[in-house]
Amino acid sequence: MSEWFEVREVDGDVLAISEPRHWEQVISYLIVGREAAVLLDTGMGIDDIQQLTSSLTDKPITVVNSHYHWDHIGDNHRFEHIAIHADEASLLEHEPPEGMLLEAMRPENFWGATPEGFDPAQYSIPLSTADRLLKEGDVLDLGDRRLKVLHTPGHSRGSICLLSEDGLLFTGDTAYAGPLYAHFEESESQVYRETMKRMSALAGELRLVLPSHNETPLDPHILVEMADGFKQIAGGAVGWQRVQSQWGPLRRYDFDRFGVLLPLGR
Ligand SMILES: [Zn+2]
């Protein structure tokens, strides 16, 4: 069994598959239903997540990508069925920026041993092709569990969250405990703010928020705090720091349990 992944049941039939030995602290989720399973994201592709998930369930697995960023699609190429929001399907077929991968492979970003045979110098994200295009309101039926697709643009144009009827919200990179990346060229802070407002309205009916980085699960109240944070930023009511990043200088807003990164100029 691979030691690269850490598998933990976060709720009945929901397994968090994390990669704690890399700075990204990315998390994929295997959601197993009576008839079928969904694998939400495929991680960084540093070890074989397909081999792992096929040892965890015998149900047919469909990959659903929370969004197209490289750290969530690394092992897509090992799967036959891939679903992603229609706005981002074509991006699975493009190489991710090489600079980002080189940055990720710097030795200090690894917090433990890598799998045998893994060579950071050869790291790449193989291209993949979606065979199902998702949109707002689509339902993924696993037999005894239904996952509703929410289109939640902000972090990226085609970011989605999955809402399970029993009060779980899988938030992808839209909401996690840490600095939220709202600074990409495709991000619009106003769009992100609207998304968080919508998500905070769901908080009362949720049991758990299951994000794609850092700690999991989170208590749903964090969505209310995030919506409020974006509102404060828009109103100019909160200070920020200038920080350097691989994307150039950014504004960083700090709140208790999360932060927001925005471009300097917008
Ligand atoms: Zn992302």
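Q: What makes two strands count as a pair?
A: Two strands pair if DSSP finds at least two bridges between them. Helices (H or I, at least four residues) and strands (E, at least two) are DSSP runs, numbered from the N terminus.

Q: Which residue is the bridge partner of Leu 163 in strand 11?
A: Leu 169. Strand 10 (residues 160-164) pairs with strand 11 (residues 168-172) over three bridges, in the antiparallel sense.

Q: What is the status of the model, and how are residues numbered?
A: This is a predicted model: local features need pLDDT of at least 70, side-chain atom pairs count only at pLDDT 80 or more, and totals for chains, interfaces and linings use all residues. Residue numbers start from 1 along each chain as its sequence is written.

Q: What is the strand order in the open sheet of five strands?
A: The order is 8-9-10-11-13, with mixed pairing. Strand 8 (139-141) and strand 13 are the edge strands, each pairing on one side only. The twist averages 20° from one strand to the next. Here axes are lines fitted to C-alpha atoms, for helices over the stretch in contact, and angles run from 0 to 180 degrees between N-to-C directions.

Q: Switching to the N-terminal end. How do strand 1 and strand 2 pair?
A: Strand 1 (residues 6-11) and strand 2 (residues 14-18) are antiparallel, over five bridges. They form a hairpin with two residues between them. Asp 13 in that turn has a positive phi of about 65°.

Q: What stands opposite Val 7?
A: Ile 17, in strand 2. Ile 17 also contacts Phe 5, Tyr 29 and Leu 52, among others, leaving aside neighbours within four places in sequence. Contact means C-beta atoms, placed from the backbone, within 7 Å.

Q: Which residues touch the most other members of the largest nonpolar core?
A: Ile 17, Tyr 29 and Ile 31, in a core of 63 residues. Its largest share, six residues, comes from helix 4. A nonpolar core is a set of buried Ala, Val, Leu, Ile, Met, Phe, Trp, Tyr and Cys residues joined through C-beta atoms within 7 Å. Buried means 20 or more other C-beta atoms within 10 Å of a residue's own, exposed 12 or fewer, partly exposed in between, with C-beta atoms placed from the backbone.

Q: What do the buried residues of helix 3 pack against?
A: Helix 4. The buried residues are Tyr 192, Arg 193, Thr 195, Met 196, Met 199 and Ser 200. They fall within an arc of 165° seen down the helix axis, so they line one face. The arc is that of the directions from the axis to the C-beta atoms.

Q: What about backbone oddities: which peptide bond is cis?
A: Thr 216 to Pro 217, with omega near -10°. Pro 217 is in the loop between strand 13 (208-211) and helix 4 (221-234). Asn 214 is in that loop too, with a positive phi of about 65° although it is not a glycine.

Q: Is Asn 214 buried or partly exposed?
A: Partly exposed, with 15 C-beta neighbours inside 10 Å. Asp 41 also has a positive phi, about 75°, but Asp 41 counts as buried, with 27 such neighbours.

Q: Last one. Where is His 67?
A: In the loop between strand 5 (61-64) and strand 6 (82-85). His 67 is buried, with 24 other C-beta atoms within 10 Å. Not counting residues up to four places away in sequence, its contacts include His 72, Glu 88, His 155 and Asp 173.

Methods:
Contact = placed C-beta atoms within 7 Å.
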